[in-house]
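Student: Can you walk me through this structure? I want to start with the contact between chains and then go to the charged pairs.

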Number of protein chains: 2
Amino acid sequence: MRTSRFPLSTLKEVPADAEIVSHQLMLRAGMIRKLAAGVYNWLPLGLRVLRKAEGVVREEMDRAGALELLMPAVQPAELWQESGRWDQYGPELLRLHDRHQREFCFGPTHEEVITDIARRELRSYKQLPVNFYQIQTKFRDEIRPRFGVMRAREFLMKDAYSFHLDAASLAETYQVMFETYSRIFQRLGLDFRPVQADTGSIGGAVSHEFHVLAESGEDAIAFSDTSDYAANVELAEALPPAGGRPAPTQAMQTVDTPGQHTIEDVSRFLGVEPARTVKTLLVQGEADEVIALVLRGDHELNTIKAEKLPGIAAPLTFASDEAIRAATGAGAGSIGPVGLTIRTLVDHAAAQLADFVCGANADDQHLTGVNWGRDLPEPETADLRNVVAGDPSPDGKGTLAIVRGIEVGHIFQLGTKYSQALNATVLDEAGKETVMLMGCYGIGVSRVVAAAIEQNHDEAGILWPEPIAPFRVALCPMNMKKSEAVREAAEKLYLDMCNAGIDVLFDDRDIRAGVMFADMELIGIPHRIIVGDRNLENGMVEYKAGRSRDAELIPVDEVVERFA
Amino acid sequence: MRTSRFPLSTLKEVPADAEIVSHQLMLRAGMIRKLAAGVYNWLPLGLRVLRKAEGVVREEMDRAGALELLMPAVQPAELWQESGRWDQYGPELLRLHDRHQREFCFGPTHEEVITDIARRELRSYKQLPVNFYQIQTKFRDEIRPRFGVMRAREFLMKDAYSFHLDAASLAETYQVMFETYSRIFQRLGLDFRPVQADTGSIGGAVSHEFHVLAESGEDAIAFSDTSDYAANVELAEALPPAGGRPAPTQAMQTVDTPGQHTIEDVSRFLGVEPARTVKTLLVQGEADEVIALVLRGDHELNTIKAEKLPGIAAPLTFASDEAIRAATGAGAGSIGPVGLTIRTLVDHAAAQLADFVCGANADDQHLTGVNWGRDLPEPETADLRNVVAGDPSPDGKGTLAIVRGIEVGHIFQLGTKYSQALNATVLDEAGKETVMLMGCYGIGVSRVVAAAIEQNHDEAGILWPEPIAPFRVALCPMNMKKSEAVREAAEKLYLDMCNAGIDVLFDDRDIRAGVMFADMELIGIPHRIIVGDRNLENGMVEYKAGRSRDAELIPVDEVVERFA
């Protein structure tokens, strides 16, 4: 391709409303343009990258024996009513009605439609297992779309759905998909990690997310420095500290802490490490009960773990100021577990403290030298907190480190959640109607593109992994307008490379070398061939790989060979 | 691919609600399934065909230098308000609003969005001409979606839009697209014809449709038996008959025609050919005027031609019964041009009649032996009728024949209709802001699939043109379960064919030969290899091309070579 036929729309300025680097670079490189909030045009340069990512996904899904089909964007409300999600799904579901006032939605996902297909087309266990997939445009009406295509409303997704007679078959296909996803992200040249994940609203029992590691990632991932263990921090189990609780050495005392309401305040005021304090959070239990959750001062509540505890209402809701005062006699900044009469759950780590500090359940007062089993009853313990770096790995091997990741894939063992609701059955070997088991497997194809940039960029621009670079080689002639020799050599080289099937961008614009190189670095072409008069005299051109400072001279007639 | 891994969903029965053969066969072959009215799932078999058609379209658009991009399905109302189409477009435009109550539509076409991109990205005449295209899902909320994917609401379209500094450049790209479309439909193996067309509501001056010829087509196409002339009957000019008007031979007489109100009635009653009668139609003119249109009794009014005549209101509206009686003194079945005081336009053919029959403007009376210039004034003539087979070709070469066609492509020279409304300008060579000219070029990719079937089928099923067949070769083993020799030979042949890159469907189901052949004929695989014990003994397999009755024996080890 020639830049004279393939106009680059690069921008020098960083667009003001782009917060993260992938969004900035996709705009600057001329890959995307915003049409409306969370709705983007993919310009030719961006679409080349998207299509390459899509191509790798398709090849690997085909190799895994999945069958591609295509379901519509517009889905009838009836199916969503049948699964119950028409009412459960919030305003993220873009609802619409046609000219006859029939209700539809713009599909954010396709569990209902594929289950409807399966119940019509699949009759016998002999047709199982089967795994259908599509690469298709979806819409989720995010309340605050942001970060460009990273969290867009309209996006391109690969979604797959498998159907099974039994759990063993589901587990087998799930494993195939796990390996397929690993291969896909490997082939895309991304540094990624599969992690155990919460199944959330999609439902089901077993689930893994695939994260591209990047500092800007919205998710925190805990992984063992020794074993294969990796999990979303949402899910990673925090083990009780080893060694048990020390014996008390202090007497309990009430101290005045005027105006000191946060852990930070109190720690500084009393000269005590936050890890020697506890914080007490009151949350809504079932049937109007208020429940206290107690954590070490330096730990964070994990709401997903808390929601799963018996007696606690989901989604997790914190008690109001009035409810706090009614239950404890104090404001939120001065409460603690001593003397509380409501049900109290204590995180394992907080339960192992001795001589700790907590609120006194009296405004502007705290207690010091508090000890479980002496100043208050032995605690009812639970895993309430997010793991932190240095925690022991839940599999008993090594300690945990925390990295940030961008979720680009998610696989689920759904079980019968949708097949039951839609009565999707087959006849088993005994001729008995059996509800099929399902798995589902998603990849955010457009998000993969943004995630690849978050992981691979520098100040000059994007550093594409070669498999998804918009072009593989940039052919940069110097001063082609003035030098007939350069023009001839570059045109011939371009023709030869095209004929050899090399994915090359020939920058035939009449612009300064600096501008040309800046563009090629911004759009992130992995290889660069520079054709200039001086080297041509010796039959050579300059070659640079990636952002390497070092140029290599290679003979003109070896260029094709090098990339073929 | 193996049928054990690629389940066929063929049906024996013709689905009751499928009216046309392509719809019936797409359902029976398991290519598509209805999700809602005019909204279809593409099952794996159907999607293979759709993707092959899409691939040919993409290759040829790329070859023509067009640049692929991808615009969203969801489009903001503001752009459509800017072009004026938010109000002009009827209920076919699927309007919706997001959670913030902002108005959008599900794009039925993308003129507004591409013009918005062009006005932002294109600044200089140096960037022109440029031709952008996408292959993307669209939605038109048809009042009566029918015929499967032939007239669906959600459909896959290739739409391209070119931008130009001047009319010469537009004409040049238009010609390139004309040739590209011809190549696309040739490569798809379709019998098609490009025809001059009306530009309709899209606007612009020059336009061609590409029709796949098929008896079930909704459009009538007139073409010359001698020259290249071809046009939609909507547009084809009807020349005045050669030879001039004969001299009168009869006196005008009033005859009673009780209860005879149609041309058929009157012709039979009076024993006169319909071609010797005229019919008079009263239509709405501008400013409440009523205008009479007079045609030969055997000719049909062409409403599109009539709408374009000065003084006639568009869309064409017929006068009410009251208005007819007020203007003529008679009911619709007894009116005629003699003595009429309203403006009267006479079709060229009717104006050449002598001694003709018409209504007398008195109920249940007609006139015979009527002659222009004697019994009523010389007529004001116009081209008002549809051409019919046998008419002279408008280009003066040969006579016209009429065939039926399915519109699968449409190209337009739009001019400045959208670029003017959205103020899409570039700087010309003199540095002056200039509104760009536009062309637009569409192919209904999903409709192409249905049209291909309408043109290529027999009682047994689909007869795919090879470039879009879901598989190229069917490998049919006979009695594989019982014969180890057949199994071994078939499995080896399958492996060898796959390794040679041959697109083969291996029917490894344990079913009777008749059922297997019926399925392969229904889904329309062009080539068939039959592996059976008897021939294997001689190292041979049977080969059948298409629906040929004649089988050819070929050596097993020459099969790969034959298809590679």
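Tutor: What follows goes through the chain contact, the nonpolar core and some salt bridges. This is a predicted model, where local features need pLDDT of at least 70, side-chain atom pairs count only at pLDDT 80 or more, and totals for chains, interfaces and linings use all residues. Residues are numbered from 1 along each chain as written, chains are lettered from A and ligands numbered from 1 in written order, and side-chain values use heavy atoms, without hydrogens or water.

Student: How many residues does each chain put into the contact?

Tutor: Chain A gives 55 residues and chain B gives 55 residues, with contact meaning heavy atoms within 4.5 Å.

Student: And what area is buried there?

Tutor: About 4,400 Å² between chain B and chain A, with carbon and sulfur atoms giving 62%. Buried area is the accessible area (1.4 Å probe) that two parts lose on being put together, summed over both. On the chain B side, B:Leu35, B:Leu70 and B:Arg99 lose the most area to chain A, together 16% of what that side buries.

Student: How many salt bridges between chain B and chain A?

Tutor: Six. A salt bridge here is a side-chain nitrogen of Lys or Arg within 4 Å of a carboxyl oxygen of Asp or Glu. One pair is A:Arg51 with B:Glu68, whose closest N and O atoms are 3.3 Å apart.

Student: Which residues sit in a network of salt bridges?

Tutor: Shared partners join A:Arg51, A:Glu54, A:Arg58, A:Glu68, B:Arg51, B:Glu54, B:Arg58 and B:Glu68 into one network.

Student: How many over all chains?

Tutor: The structure holds 82 salt bridges over all chains.

Student: What about A:Arg296, buried or exposed?

Tutor: A:Arg296 is buried, at 19% relative accessible area. Its salt-bridge partner A:Asp298, 2.9 Å away between the closest N and O atoms, is partly exposed at 37%. Buried means under 20% relative accessible area, exposed over 50%, and partly exposed in between (1.4 Å probe, protein chains only).

Student: Different topic: how many residues are in the largest nonpolar core?

Tutor: It has 221 residues, and those with the most contacts inside it are A:Met31, A:Phe163, A:Phe185, B:Met31, B:Phe163 and B:Phe185. Such a core is a set of buried Ala, Val, Leu, Ile, Met, Phe, Trp, Tyr and Cys residues joined through side-chain atoms within 4.5 Å.

Student: What does B:Phe185 touch?

Tutor: Leaving out residues up to four places away in sequence, B:Phe185 touches B:Leu190, B:Phe192, B:Phe210, B:Val408, B:Gly409, B:Ile443 and B:Val448.
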